[in-house]
Structure formats: C-alpha cells, structure tokens
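Q: Please take a close look at one part of this model, the largest pocket, and then go on from there to the metal site.

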Amino acid sequence: MYKEDVELAKKARLNSHSPFSNFQVGALLRCKNGHVYMGCNIENQGIQGLCAERTAFAKAISEGEREFESITVVGAPKGVEPTEACMPCGYCRQFMSEFVGDDFKVFIPNNGKIDEYTIDDILPHRFKI
Ligand code: ZN
C-alpha cells in the first residue's frame, strides 16, 4: 500500500503550481475508510501559498472526511526525481496535528526507504487549546 501511496504522491506532484520556487511537492492522504486524496503545492504572489499536505487535507475535509490514517509526501525541484526526504513545514505540521490522532503516520520516502513518523515525532509539545 505504501509504495502505491508514494507513486500517487509523485503523480500529484506533477500538478504542482510552483513558478516561484520551482520546487514541486506532492502528497497522498489516506483516510481510515480507504479513501485517498492527492495534493500538490500551489504558490501565488500575494500571500503564502498552499502546501501539498494542506491541499490534500482541504480536499478531504471539504468532502466530509475526518478520520485520517496517513500522509505520504514527496518533493524535489522541477524536473528532478524526488529521492531526498521532503519533510512537512511547520505550518503543515500544526495544521495536520489538529485533525489527526496519535496513530496517524507521516511517510517520507528517503533515498530508497520510507521513513515513518507520528505527529508527535515531527511536532512535539505542539499548541493545543
Ligand atoms: Zn507546508
């Protein structure tokens, strides 16, 4: 399943709109019910753009999804095959943490292996109300 998620994240990455950074990111968000949502980064001039992770979550949440199993993230400069780890930014870490449980996994392909994290791994001592 996880190799399939990596391939879908790579496919999503090809839709990236990143004319400023030329850094293309793709994400595959898997829900506990088996539904999947793809996201890519979407940059713009005026304000902070959307990262691939938040694009995928926005698509899922707007379709009524609330139970999430995992997200797989890949990223690399345009025209480069993603092989190096592409970790979620701080904003996405906080955003995701507010919609997922302790069992949620973050999968990051990294030089031929897939690194696995929990939200607590990547955002310890996070803000909570
Ligand atoms: Zn981000």
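**The pocket lining and the zinc site**

A: By class, the lining of the largest pocket holds 4 nonpolar, 4 polar and 4 charged residues, where Ala, Val, Leu, Ile, Met, Phe, Trp, Tyr, Cys and Pro count as nonpolar, Asp, Glu, Lys and Arg as charged, and the others, Gly among them, as polar. The model is predicted, with local features needing pLDDT of at least 70 and side-chain atom pairs pLDDT 80 or more, while totals for chains, interfaces and linings use all residues. Residues are numbered from 1 along each chain as its sequence is written, and side-chain values use heavy atoms, leaving out hydrogens and water.

The lining is made up of Lys3, Val6, Glu7, Lys10, Pro82, Thr83, Pro109, Asn110, Asn111, Gly112, Lys113 and Ile114. Helix H1 (2-13), strand S4 (105-110) and strand S5 (113-118) each supply at least two of the lining residues, and H1 gives the most, with 4 residues; helices (H or I, at least four residues) and strands (E, at least two) are DSSP runs numbered from the N terminus.

Turning to the zinc ion, its protein donors (N, O and S atoms within 2.8 Å of the metal, or 3.2 Å for Na, K and Ca; water is not among the atoms, so sites may look incomplete) are the SG atoms of Cys51, Cys89 and Cys92, lying 2.3 Å from the ion. Along the chain these donors follow the spacing C-x37-C-x2-C. Cys51 sits in the loop between strand S2 (36-40) and helix H2 (52-62) and Cys92 in helix H3 (residues 90-97), so this pair ties together parts that are 41 residues apart in sequence.

Conventions:
1 Å grid on protein atoms, 1.4 Å probe; cavity = no way out; pocket = protein on both sides within 12 Å on 5 of 7 lines; lining within 4 Å.
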